[in-house]
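Here is a report on the empty spaces inside one protein model. Keep the structure open as you read.

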Amino acid sequence: MSKSQQALSKGPKMEELLRSYFLKAGYYVVRGVPFVYEGFDVTDIDLWLYSRTSSVSREVALVDAKNKKTPQAIERIFWVQGLRIATKATNAIVATTEKRQEVKDFGRDLGVLVLDGSFLGKLANSDDPNATRLSDEEFFARINEYSLSKLDGDWRGRIVLSKSLLAKSLSFDSCNEWLGQGRFFAEQSITKGTQRETALRCLYLVCSFIAIAVDYCMKELSFHEQSERSALIKDGFTYGSRGSSGLKKVLNVAMGLVEEHANDGPAISRQVRASVEKQLSQLNTSILGDFFSKNDVARTLFTVAREFEQLAMAREFASHGAASIELRSTLFCLLDYWGIDRVMFSEALEAKS
């Protein structure tokens with residue numbers, strides 16, 4: 001057993017082995033995704049899986065992993081099925097040390113795949129995934145090594161929030177939140193020389209979330225002409241999931257209340273409307289619409305997301321400089337949207353810390 005495996009307790013170790021298994025099976029995988037409901041931290045999803053099964057079909061699966069002497073597998077089947085419904089995921093999987101056939105039968109009756117003790121036993125004897133990849137614990141330890149990370153924008157909190165959005169929705173609303181987080185880490189990679197590697201790892205991870213969410217949104221847009229897709233994507237990045245018409249409805253209701261109840265309401269309403277419209281018009285979202293609507297880009301988003309995630313978690317850090325042209329194109333498109341000079345970004349990367 002390697003040092004990296006010995007450093008993890010039984011639960012995290014099993015989750016890392018399962019993550020490695022599903023990565024090899026072709027999934028995009030994130031470990032430890034918080035499920036938050038109305039501000040309450042309900043639970044953590046052990047493994048969040050995403051796959052692109054066709055141009056119009058996507059799959060999200062949740063894995064509940066319990067590596068305990070008394071795994072209470074039947075209860076976990078109920079639990080993960082409820083979590084699947086709450087998160088609107090496609091499938092649910094329970095990984096348990098339990099070996100009874102009845103447990104697998106019960107899972108099958110409820111539509112939950114059970115990976116039993118026999119499967120997990122074989123998995124435990126497989127190659128150590130953390131020989132080449134950082135565990136989640138090591139990833140967060142890298143962030144914590146920056147003693148000012150909490151005061152300097154709360155790096156860890158930003159990554160935890162970004163992960164939680166995967167369980168909330170793969171939508172333009174989530175994309176817009178990730179765009180803000182990605183810009184923060186891109187800027188940190190330029191200005192924080194001693195923490196450049198960690199900032200880039202965080203940036204790559206957030207970029208992988210953006211690529212996955214856009215890929216998910218594209219399944220609804222695949223039959224549109226490119227010009228239509230471009231306009232719809234631009235609309236989503238500008239106004240969120242509601243689109244321009246949805247935002248206008250919300251704004252009309254809010255401004256109607258202001259006009260009715262506030263002193264000098266009509267004047268305030270006009271000011272707010274003008275300010276909102278001005279801010280939205282200044283967004284550079286046409287860059288995103290033009291780029292993501294391209295057929296070649298849309299086809300490779302899932303692969304690019306997996307590559308971004310691999311860069312973020314690779315034990316031996318390698319920057320995007322040696323990555324695929326598709327990944328670099330996506331990153332440079334985001335830099336252009338953020339108004340970050342590509343040359344400045346690259347020079348900061350090449351500069352000695």
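## Enclosed spaces

The program's count comes to 2 cavities of 30 Å³ or more. The model is predicted.

## The largest cavity

About 50 Å³ is the volume of the largest cavity. Its lining is made by R19, V29, V30, R31, D136, F139, F140, K163, L205, E309 and M313. Sorted by class, these are 6 nonpolar and 5 charged residues, with no polar ones.

Which elements supply at least two residues each to this lining? They are strand 1 (28-37), helix 6 (136-144) and helix 14 (295-313).

## Strand 1 and its partner

Strand 1 deserves a closer look. Most of strand 1 is covered, with 7 of its 10 residues buried. Its partner is strand 2: the two run antiparallel and are joined by 9 bridges. One residue of the cavity lining, V30, stands opposite W48 in strand 2.

How many residues lie between strand 1 and strand 2 in their hairpin? There are 2. E38 sits in that turn and has a positive phi of about 50°.

## The second largest cavity

The second largest cavity has a volume of about 30 Å³. Around it lie D44, I45, D46, L62, V63, D64, W79, V80 and L83. At least two lining residues come from each of strand 2 (40-54), strand 3 (57-66) and helix 3 (73-87). Strand 2 therefore has two roles here, as DSSP runs define the strands: it helps line this cavity, and it pairs with strand 1.

What classes of residue line the second largest cavity? The lining has 6 nonpolar and 3 charged residues. No polar residue takes part.

## The largest pocket

Now turn to the pockets. The largest pocket has a volume of about 580 Å³. Its lining holds 25 residues. Those nearest its centre are T87, L165, A167, K168 and S169. Strand 1, strand 3, helix 3 and helix 7 (155-168) are the elements that give two or more residues to this lining.

Which helix gives the most to the lining of the largest pocket? Helix 7 does, with 6 residues. By class, the pocket lining has 15 nonpolar, 5 polar and 5 charged residues.

## Elements to trace

Some elements come up again. Strand 1 lines the largest cavity and also the largest pocket. Strand 3 and helix 3 line the second largest cavity, and both give residues to the largest pocket as well.

Conventions: Residues numbered from 1 in each chain as written. Predicted model: local features only at pLDDT ≥ 70, side-chain atom pairs only at ≥ 80, totals over all residues. Heavy atoms only, no water. 1 Å grid on protein atoms, 1.4 Å probe; cavity = no way out; pocket = protein on both sides within 12 Å on 5 of 7 lines; lining within 4 Å. Points joined across faces, edges and corners; volume = space filled by probe spheres on them. Helix = DSSP H or I, 4+ residues; strand = E, 2+ residues; numbered from the N terminus. Nonpolar A, V, L, I, M, F, W, Y, C, P; charged D, E, K, R; others polar. Buried < 20%, exposed > 50% of the residue type's maximum accessible area, 1.4 Å probe, protein only. Pairing = 2+ DSSP bridges.
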